[in-house]
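These are my notebook entries on a single protein chain. I set down what I looked up, topic by topic.

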Amino acid sequence: MSALPWLLPALPGLAGVVLLVTGRGADRVAPVAAVAVTAVALVLAVLAALTRPAATAPLFAGLRAGLAVDGLSSVLVVTVCAVAAAILVFAAGDTGEVRRARARFFGLMLLFTAAMLVTVTATDLALLLAGWEVMGAMSYALIGFAWRDGAAVRSAEVAFVTTRAGDVGLYVAAGCALAGTGSLELAGLADGARPWRDLVAAGVVAAALGKSAQLPLSFWLSRAMVGPSPVSALLHSATMVAAGAYLLLRLRPLLAATGWAMHLVAWAGALTALLLGVVALAQRDLKQLLAASTCAQLGFMVMAAGVGALAGGAAHLVAHAAVKSLLFLCAGVWLAALGTRDLGKLRGAARRDRVVGVSFGVGALALGGVPPLSLWVTKESILTVAARWSPWLYAVALAAALLSAAYAAKAVAAVWASGDVRGWRRPGLLERAPLPVLALAAATFGLVGLPPVFDVWRRLLGADGEPGPGAAGLLLAGVLALAVTAAGLKWRVPWRLPGARDWLGLERAASFLVVRPVMALARSLARFDDRVIDGAVNGVGRAGTALARLLREKAEAGVDGLVRDVGTGTGELAVLARRPQTGLVHTYLAQAAVWLLLLAVVIALTGWTC
């Protein structure tokens with residue numbers, strides 16, 4: 001047993017707690033401390049990926065909890081720590097959105113990272129739930145970081161409640177796992193008997209789709225855009241939303257054991273990729289475009305779990321983490337410099353700082369699947385498996401991939417267009433430093449698709465036998481992506497898609513179908529409680545009071561009179577009893593003679609009667 005699995009999440013977790021407890025007094029040292037902690041955590045993550053440690057501890061009688069780093073989690077821990085380090089370096093130089101309460105901000109970010117590390121290394125549902133819940137709580141605090149802003153707090157509440165609705169499924173899964181297998185071990189969930197196995201799968205799927213903002217719960221990610229840009233970069237890339245896709249990839253044997261869960265997950269991911277791609281294409285707000293694209297790209301990962309493309313799904317997760325963290329950080333630079341996220345007002349923004357502009361261009365083109373950049377290869381590695389699984393699913397996924405090229409081209413065309421940008425503030429060194437590194441990762445991670453490299457990647461993940469991206473598929477996807485991107489850059493179509501800008505009305509539908517009925521039921525139950533239950537309780541109290549009043553007015557007088565009569569009689573008898581007590585001996589002798597005479601009479605009469 002090794003202490004490394006416990007130390008890996010404990011280091012950022014404890015550092016985050018210290019910063020939160022210290023408060024404003026640690027604002028000056030918080031950025032340096034947070035960056036140093038994540039750098040050490042990255043070293044530990046690489047060490048864990050190389051040594052594959054595992055550790056367990058007793059949880060309850062007969063149950064143990066554990067953390068372990070295997071093939072899939074080794075990829076995730078390195079990705080999480082690397083992306084977190086880059087984002088915190090950026091945040092350390094950010095003088096815009098997170099310039100105040102820095103200890104609180106960096107403390108929350110470190111706890112957020114620690115929770116994700118627990119989630120991806122947990123070997124049982126108990127620790128998985130712990131990391132899952134802390135991550136949700138930290139996302140609420142970070143989205144609503146500007147707590148004086150009522151709109152930010154309301155958006156944080158919507159995001160938190162929506163994801164919590166899905167999270168209930170994980171509790172259902174844990175309870176059914178205990179009933180079906182007597183264990184919470186993730187590795188044994190597929191071995192449970194029906195119907196427990198199906199209930200476990202249903203709970204896991206509900207929690208994962210909610211966390212990864214898949215249909216119909218995608219709208220919470222739109223609300224999350226009120227948070228600071230570093231929060232969006234971390235939340236949308238390597239943590240939180242990636243957790244759901246990771247969980248489905250981790251539990252693909254459970255999905256396969258049920259049969260139905262694979263189909264549900266595959267189609268949920270494909271439809272989310274398609275429809276949220278339409279939503280992204282309709283946006284005028286840069287962060288909203290990136291948020292919708294996150295839902296769409298996570299749809300590819302979720303679909304990968306459904307069709308059994310573990311190597312492709314994991315590769316897409318890593319590449320997307322680099323791409324999306326890069327794009328959100330660039331958006332953060334422009335938001336701090338110009339105070340706007342409107343694509344129309346960002347015309348020419350990329351030209352003002354070529355490091356930021358080129359980095360954003362690389363990330364956006366990678367997002368669109370333009371060859372030879374990373375997501376071109378990782379998407380195709382998923383589509384190759386999907387084509388063997390179902391031609392209809394492949395067609396939907398290919399259409400979604402082309403939409404990726406369209407909305408990526410829209411973003412690039414907007415920020416690189418000629419325009420007069422006013423009020424420009426040049427970003428600092430720390431804000432710019434992570435961008436080229438992330439851009440390099442976004443550009444080159446596609447090398448994982450080369451046959452020799454992909455073979456190593458498959459062995460690392462234990463996905464032997466999974467087909468890699470095919471040459472024909474890569475050629476088709478690359479040509480189509482280039483054609484769509486070129487068309488988007490040239491014509492810059494102002495896409496007006498009814499309902500898409502409002503995220504397909506998903507939040508309004510959820511409000512109408514769920515929130516309003518639940519609130520109406522709550523109000524009805526409150527009225528029932530007030531008028532019936534409380535009325536009954538109050539009625540019993542009023543009846544008791546009335547009975548007490550009646551007894552006081554009617555019965556109390558009689559009882560008091562009887563008591564008074566007994567007292568009066570006793571007093572009169574006492575007076576009579578005192579009269580014979582004269583103190584004279586001859587009087588007592590006479591009294592004794594009288595009593596003896598009376599006794600003789602009684603005896604005589606009694607004897608005569610007998």
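**Entry 1: Surface patches**

I began with Leu 513, which lies in helix H23, residues 506-578. I note at the outset that the model is predicted. Is Leu 513 buried or exposed? Leu 513 has a relative accessible area of 60%, so I record this residue as exposed. I then looked at what surrounds this leucine on the surface. A nonpolar patch is formed there by Phe 512, Leu 513, Val 514, Val 515, Val 518 and Met 519. Together these residues have about 590 Å² of accessible area.

I next looked up a charged patch. Arg 347, Arg 351, Arg 354 and Arg 492 form a positive patch on the surface. Of these, I checked Arg 351, which is placed in helix H15, residues 349-352. Arg 351 is partly exposed, because its relative accessibility is 38%.

**Entry 2: The hairpin**

I turned to the strands E1 (residues 54-60) and E2 (residues 63-68). They run antiparallel and are joined by six bridges. Which residue of E2 stands opposite Phe 60? I found Leu 63 in that position. Two residues lie between the strands of this hairpin, and Gly 62 takes a positive phi near 85 degrees. For context I add that side chains in a regular strand alternate between the two faces of the sheet.

I also took one separation from the hairpin to helix H23. The C-alpha atoms of Gly 62 and Ala 548 are separated by 58 Å, and the two residues are 486 apart along the chain. Ala 548 is placed in H23. Its relative accessibility is 44%, so Ala 548 counts as partly exposed.

**Entry 3: Salt bridges**

How many salt bridges does the count come to? I record twelve.

I looked up Asp 27 and Arg 24, which form a salt bridge with their closest N and O atoms 2.4 Å apart. The two partners fall into separate classes of cover. Asp 27 is buried, because its relative accessible area is 14%, whereas Arg 24 counts as exposed because its relative accessibility is 59%.

I then examined Asp 167 and Lys 211, whose side chains meet in a salt bridge at 3.5 Å, N to O. This pair links distant parts of the chain: Asp 167 is in helix H6 (residues 150-181) and Lys 211 in helix H7 (residues 196-211), 44 residues apart. Are these partners buried or exposed? Asp 167 has a relative accessible area of 1% and is therefore buried. Lys 211, with a relative accessible area of 0%, is likewise buried. I note that the pair belongs to a network of salt bridges that links Glu 133, Arg 164, Asp 167 and Lys 211.

The next pair I looked up was Asp 285 and Arg 341, with side chains that meet in a salt bridge at 3.1 Å, N to O. Here too the pair links distant parts of the chain, 56 residues apart. Asp 285 is in the loop between helix H12 (260-282) and helix H13 (286-307), and Arg 341 is in the loop between helix H14 (310-338) and H15. At 22% relative accessibility, Arg 341 counts as partly exposed, since the cut-off for buried is under 20%.

**Entry 4: A covered helix and the loop after it**

I checked the cover of helix H9, residues 229-237. Nine of its nine residues are buried. Among them are Ser 229, Pro 230, Val 231 and His 236.

Met 240 lies in the loop between H9 and helix H10 (241-250). Its phi is near 55 degrees, a positive value in a residue other than glycine. Met 240 counts as buried because its relative accessibility is 0%.

**Entry 5: Further backbone details**

I found a second positive phi of this kind at Arg 52, about 55 degrees, although this residue is not a glycine. Arg 52 is placed in the loop between helix H2 (30-51) and E1. Its relative accessibility is 35%, so Arg 52 counts as partly exposed.

I closed with the cis peptide bonds. Which residues does a cis peptide bond with omega of about 0 degrees join? The bond joins Arg 194 and Pro 195, and Pro 195 is found in the loop between H6 and H7. Another cis peptide bond joins Leu 215 and Pro 216, with omega about 5 degrees. Pro 216 is found in the loop between H7 and helix H8 (219-223).

Methods. Residues are numbered from 1 along each chain as its sequence is written. This is a predicted model: local features need pLDDT of at least 70, side-chain atom pairs count only at pLDDT 80 or more; totals for chains, interfaces and linings use all residues. Side-chain values use heavy atoms; hydrogens and water are left out. Patches are made of residues with over 30% relative accessible area and no salt bridge: like charges are joined within 9 Å, nonpolar side chains (Val, Leu, Ile, Met, Phe, Trp, Tyr) within 5 Å. Accessible areas come from the Shrake-Rupley method with a 1.4 Å probe; for residues, only the protein chains shown count as cover. A salt bridge is a side-chain nitrogen of Lys or Arg within 4 Å of a carboxyl oxygen of Asp or Glu. Helices (H or I, at least four residues) and strands (E, at least two) are DSSP runs, numbered from the N terminus. Buried means under 20% relative accessible area, exposed over 50%, partly exposed in between (1.4 Å probe, protein chains only). Two strands pair if DSSP finds at least two bridges between them. Lys and Arg count as positive and Asp and Glu as negative; His and the chain ends are not counted. The place of a charge is taken as NZ of Lys, CZ of Arg, CG of Asp or CD of Glu.
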